Amino acid sequence: MPDSNVNRVERPDFDEKKAYVAQEEDGTAFFDDGREIELLHFVYGHPSIDDIRGSPTKLLKAIDEYGRTKKYLMNVGDDKGRIVADLVAEIKPQVMVELGGYVGYSALLFGDAVKKAGGKRYYSLERNPEFAAVIMSLVDLAGLSDIVKVVVGSSAESIKRLHAQGTLDHIDLMFLDHYKPAYTTDLKLCEHLGLVTPGTVLAADNVIKPGNPPYLEYVRSSVEQKRQADQSGQTNGDVRSEFGRNADMYKEREGEEKLSTEIRGNPNLVYESKLVNSFEPTGVPVSAAI
């Protein structure tokens, strides 16, 4: 049984002094408008750049500084990030995979945690080549290139390619924070390929706000419910309409994402699911599924 029922101390209070500037309102871009490259210039032009080199912790603080004083960044942030970092320290994964890397905040935080826990590899899968280039630059700056491997391309195709190459044969811990309609289809793909097995731990961001009902329904379904869905001919379907603005902006900026809707996954896997309350970097209350 994949172990995903982890007790965590909830964090009822948010420190407003570390809050990012607010995310832009509907209709206004809040990513992929040049701010990601601007972040690179901010970091490399930082007065403390010599101290930042080789220090993931100090680099994360510099990224947070940009988010607080310049523009919003859709990072996992310190509060949610520490929940997963604590999980890494507890289960000590040899191989961790993240789906959706953006500018590398999670790769820096979790990659450093994997390294400290004695792990071998952290794969950061990012579709946008510009974002991936930002991640690579910051990973190198932090001194984590020996652990963190950035893979450019759609999540499904990257997973298939890594598996076919024999590079990736099992995932101990997977962090899902990418295109929301792909959460369920990519999980099923990993099940199908034998990458997710009993003992694998999943951490999924933004399952309550903005929300991901198909993913929660799947990981909470019993073996019988999954088999009945298969027998009835139910497919993964095209669930983009359930995700509103985020899916529309993703399509506009990244192009159409092909989901692996034909993959059935492994209905015999049963997940224990727990929602953990936390905060976005802006201070907005959210939940992650572990």
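**Figure 1. Packing around helix α8 in the predicted model.** The buried residues of α8 pack against strands and helices at several places in the sequence: β1 (95-99), α7 (155-164), β4 (173-176), β5 (201-204), α9 (207-211) and α10 (213-219). Helix α8 itself spans residues 182-192, and 10 of its 11 residues are buried. Those buried are Ala-182, Tyr-183, Thr-184, Thr-185, Asp-186, Leu-187, Lys-188, Leu-189, Cys-190 and Glu-191. The list includes charged side chains, among them Asp-186, Lys-188 and Glu-191. After α8 comes Gly-194, with a positive phi near 80°.

**Figure 2. Surroundings of Lys-80 in helix α4.** Helix α4 covers residues 77-91, and Lys-80 is part of it. Is Lys-80 buried or exposed? Its relative accessibility is 4%, under the 20% limit, so Lys-80 counts as buried. Leaving aside residues up to four places away in sequence, Lys-80 touches Asp-205, Asn-206, Ser-278, Phe-279, Glu-280 and Val-286.

**Figure 3. Contact between helices α1 and α3.** Helix α1 comprises residues 35-44 and helix α3 residues 56-69; their axes lie 10 Å apart. The two pack at an angle of about 125°, which makes α1 oblique to α3. The crossing of α1 past α3 is right-handed. On the α1 side the residues involved are Arg-35, Glu-38, Leu-39, Phe-42 and Val-43. They meet Leu-59, Ala-62, Ile-63, Glu-65 and Tyr-66 of α3. Residues three or four places apart in an α-helix point the same way, because each turn takes 3.6 residues.

**Figure 4. Ser-48 in the loop between α1 and α2.** Helix α2 covers residues 49-52, and Ser-48 belongs to the loop between α1 and this helix. Ser-48 is partly exposed, at a relative accessible area of 31%. Ala-62 is 14 residues from Ser-48 along the chain, and the C-alpha atoms of the two are separated by 8.9 Å. Ala-62 is also one of the α3 residues that meet α1.

**Figure 5. Positive phi at Asp-32 and Tyr-102.** Most residues other than glycine have a negative phi. Asp-32 has a positive value, near 55°, and lies in the segment before α1. Tyr-102, likewise not a glycine, has a positive phi of about 50°. Where is Tyr-102 found? It sits in the loop between β1 and α5, the latter spanning residues 105-116. Tyr-102 is buried, with a relative accessible area of 7%.

**Figure 6. The whole chain and the stretches with pLDDT below 50.** The protein chain has 12 helices and 7 strands. Of its 290 residues, 55% are buried. About 12600 Å² is exposed, with carbon and sulfur atoms supplying 48% of this area. Among contacts with a separation of 6 or more, 82% join residues 24 or more positions apart. Mean pLDDT is 89, and 87% of the residues reach 70 or more. Over residues 3-11, however, pLDDT is below 50, although this stretch has 31 contacts in the model beyond near neighbours in sequence. Residues 237-241 also stay under 50, with 9 contacts beyond four places in sequence. Where pLDDT is low, the predicted coordinates should not be read in detail.

Methods. Residues are numbered from 1 along each chain as its sequence is written. Side-chain values use heavy atoms; hydrogens and water are left out. Helices (H or I, at least four residues) and strands (E, at least two) are DSSP runs, numbered from the N terminus. Buried means under 20% relative accessible area, exposed over 50%, partly exposed in between (1.4 Å probe, protein chains only). Contact means heavy atoms within 4.5 Å. Accessible areas come from the Shrake-Rupley method with a 1.4 Å probe; for residues, only the protein chains shown count as cover. pLDDT is the predictor's confidence in each residue, from 0 to 100. Axes are lines fitted to C-alpha atoms, for helices over the stretch in contact, and angles run from 0 to 180 degrees between N-to-C directions. Angles under 35 degrees count as roughly parallel, over 145 as roughly antiparallel, 65 to 115 as roughly perpendicular and the rest as oblique. A crossing is left-handed if the near helix is turned anticlockwise from the far one by less than a right angle, and right-handed if clockwise.
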